[in-house]
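Thank you all for coming; I would like to walk you through one structure this morning, beginning with a single strand residue and then stepping back to the whole. Please have the sequence and the model open as we go.

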Amino acid sequence: MKVSYHGHSVVKIEVKDKVILIDPFLTGNPTTDLRAADVKVDVILLTHGHNDHVGDTVALAKENDALVIAPFELATLLGWKGVKVHPMHIGGAHTFDFGTVKLTQAFHGSSYTDEETKTITYTGMPAGILVTAEGKTVYHAGDTALFSDMKLIGSRHKIDVAFLPIGDNFTMGPDDAALAAEWLQANVTVPMHYNTFPVIEQDPHAFVQSLPKDRGRVLTVGEAIEL
């Protein structure tokens, strides 16, 4: 399994000849190295409906005939837009041809904003995502506050890499994320959801230095971890 970080909350997983993108906010994302027109993807995983996470999902899914896996309400909305979807919900798991996906809880909001019509569409509960394939597990926490059941997630799942938001304001800040990392006990914790906008500017290196030695890693945009 190859796991790479692409700015904001964009994570790519390459496994079993499949390319999986989590929260593909590419167009309008000043921190990403990916260009939507150049991306080839088989599966898209979404944590929630906010525009900076849904991003280019519809265009990418249609161009690549990709499957979109998302919480039920968000999947339903995207299905109405002509996208191939597989709806899931919190606590549920499903095994696909590339591996198993399980949704965890996340404490945040979830809605899609249409700037043209000035409407906000509720898209169900937000989620974190556990992806297990080839004996390895990646946890993408999505946008979330700190919550004590992260201890349960860590005790129930042997996590190889955990992606945690550190930006504060909308999600956990560095201090709460450090406690989340302690509870999750992942082999490696990678910060995400920072420095995209002024209000979430953070020092990812300072965050990693606050973790036990060798338990955290800053991934530069486009950098990958081989599991």
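**From one serine to the whole chain**

Let me begin with S111, which sits in strand β9, the strand that covers residues 111-114. Before going further I should say that this is a predicted model, so please hear every value that follows as computed from it.

Is S111 buried or exposed? Its relative accessible area is 16%, and because buried means under 20%, S111 counts as buried. Which residues does S111 touch, once we set aside its neighbours within four places in sequence? The contacts of S111 are G49, H50 and N51, together with I120, T121, Y122 and T123.

Now let me move from that one residue to the protein as a whole, which has six helices and 15 strands. Contacts between residues far apart in sequence are part of this picture: of the contacts in the protein with a separation of 6 or more, 58% are accounted for by residues 24 or more positions apart.

As for overall dimensions, the C-alpha trace spans about 45 × 40 × 30 Å along its principal axes. The radius of gyration of the protein is 16 Å, which agrees with the value near 17 Å that a compact globule of 227 residues would have. Of those 227 residues, 53% count as buried, and the protein exposes about 9900 Å², with carbon and sulfur atoms supplying 50% of that area.

On charge, the protein carries 18 positive and 28 negative charges, and the mean positions of these two sets lie 6 Å apart.

I would like to finish with two aspartates in loops, and with their backbone angles. The first one I will take is D17, which is placed in the loop between β2 (11-15) and β3 (18-22). Although D17 is not a glycine, its phi is positive, at about 60 degrees. With a relative accessibility of 82%, D17 counts as exposed, since the cut-off for that word is over 50%.

The other is D168, found in the loop between β13 (161-165) and α5 (174-184). D168, again a residue other than glycine, has a positive phi, near 65 degrees. How accessible is D168? Its relative accessibility is 38%, so D168 counts as partly exposed, the term used between the 20% and 50% cut-offs.

Note on methods:
Residues numbered from 1 in each chain as written. Predicted model: local features only at pLDDT ≥ 70, side-chain atom pairs only at ≥ 80, totals over all residues. Heavy atoms only, no water. Helix = DSSP H or I, 4+ residues; strand = E, 2+ residues; numbered from the N terminus. Rg over C-alpha atoms; globule rule 2.2 N^0.38 Å. Buried < 20%, exposed > 50% of the residue type's maximum accessible area, 1.4 Å probe, protein only. Contact = heavy atoms within 4.5 Å. Areas by Shrake-Rupley, 256 points an atom, 1.4 Å probe, with all protein chains shown as cover. Lys, Arg positive; Asp, Glu negative; His and termini not counted. Charge placed at Lys NZ, Arg CZ, Asp CG, Glu CD.
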